[in-house]
Number of protein chains: 2
Amino acid sequence: MTAPALPDVCAALGDATRWEILTRLGEGPMSASALARVLPVSRQAIGKHLEVLREVGLVESEQRGREVVHVAVGARLGALAHELDRMGRSWETRLSGIKELAERPRPDVKG
Amino acid sequence: MTAPALPDVCAALGDATRWEILTRLGEGPMSASALARVLPVSRQAIGKHLEVLREVGLVESEQRGREVVHVAVGARLGALAHELDRMGRSWETRLSGIKELAERPRPDVKG
DNA sequence: CCTCAATGCAACTCGATGGTTGCACTTTTC
DNA sequence: GAAAAGTGCAACCATCGAGTTGCATTGAGG
């Protein structure tokens, strides 16, 4: 599918190393080896992370001669942001957060 | 801190069960036991997830008599969405994604 | 042709974490 | 006051995933 499940995208973003990778790839295209030289993990580890990121569409890759160059996809992140914003707003349509708790006089779900 | 690191919030969102919990809590306040009755995991498991969600500010809780009621915090999700959107846009200020790769005539980083 | 750099794939380690059960404690309710 | 419901805490288990090392392969260049 072109639109991965939201939790999957979030999971991909939920790792410090991947976050680092994305930050670098956000500044400009890089190869796995280049990333491995900069980050404190092996080239193979970088490769696995890149695969995860590619699966959820946060990274695109292109073979360029003997190396593969990767780049961060802003559009995908934007799409995620949009979805999360929508969801967040829908939550807010209720009384704002904890206030609603004080409103409810009693659970009265004793049935 | 009042503003957890982005990767942490994303990690919290990167679990299917927690996503389920958040969805329910987005519709209205619920207790851990109530959630456990609806979801296919134990009350203790729910409790752990709620703690994770509370740590990153996605959920607020309030003791109400013998039970504790939890509710999703839209503002926190909105804040995350805003950050992600900003980051995504910054990526886009470069040539859009893979196009930049084609632009670059050669790595010429042979030094 | 030979060497070096960049990859891909596979096997393995090991710590984090989702999930479970069991138990003790408090509040509501009959 | 006793039973029931809702929690919190702790011990335990199993799986997942991040990271490593090793090896084979392929493209670039002298």
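This is a short chat about how the two protein chains meet DNA strands C and D in a predicted model.

Colleague: Before we start, what should I know about the model and the numbering?
Modeller: It is a predicted model, where local features need pLDDT of at least 70 and side-chain atom pairs count only at pLDDT 80 or more, while totals for chains, interfaces and linings use all residues. Residues are numbered from 1 along each chain as its sequence is written, chains are lettered from A and ligands numbered from 1 in the order in which they are written, and side-chain values use heavy atoms, with hydrogens and water left out.

Colleague: OK, how many residues surround DNA strand C?
Modeller: There are 21 of them, and Ser33(A) and Gln44(B) are among the closest; a residue is near a strand if one of its heavy atoms lies within 4 Å of it.

Colleague: Which element gives the largest share of that surface?
Modeller: That is H4(B), with 4 residues, helices being DSSP runs of H or I with at least four residues, numbered from the N terminus.

Colleague: And what does Gln44(B) contact on strand C?
Modeller: An N or O atom in the side chain of Gln44(B) is 2.8 Å from a base oxygen of DNA strand C, and a polar side-chain atom of Lys48(B) lies 2.7 Å from a base oxygen of that strand.

Colleague: Switching to strand D, what does Arg37(B) sit beside there?
Modeller: A polar side-chain atom of Arg37(B) lies 2.9 Å from a phosphate oxygen of DNA strand D, while a polar backbone atom of Val68(B) is 3.1 Å from a phosphate oxygen of DNA strand D.

Key. A polar contact is a pair of N or O atoms within 3.5 Å; within protein, one must be able to donate a hydrogen and the other to accept it, and residues adjacent in sequence count only if both atoms are side-chain atoms. Helices (H or I, at least four residues) and strands (E, at least two) are DSSP runs, numbered from the N terminus.
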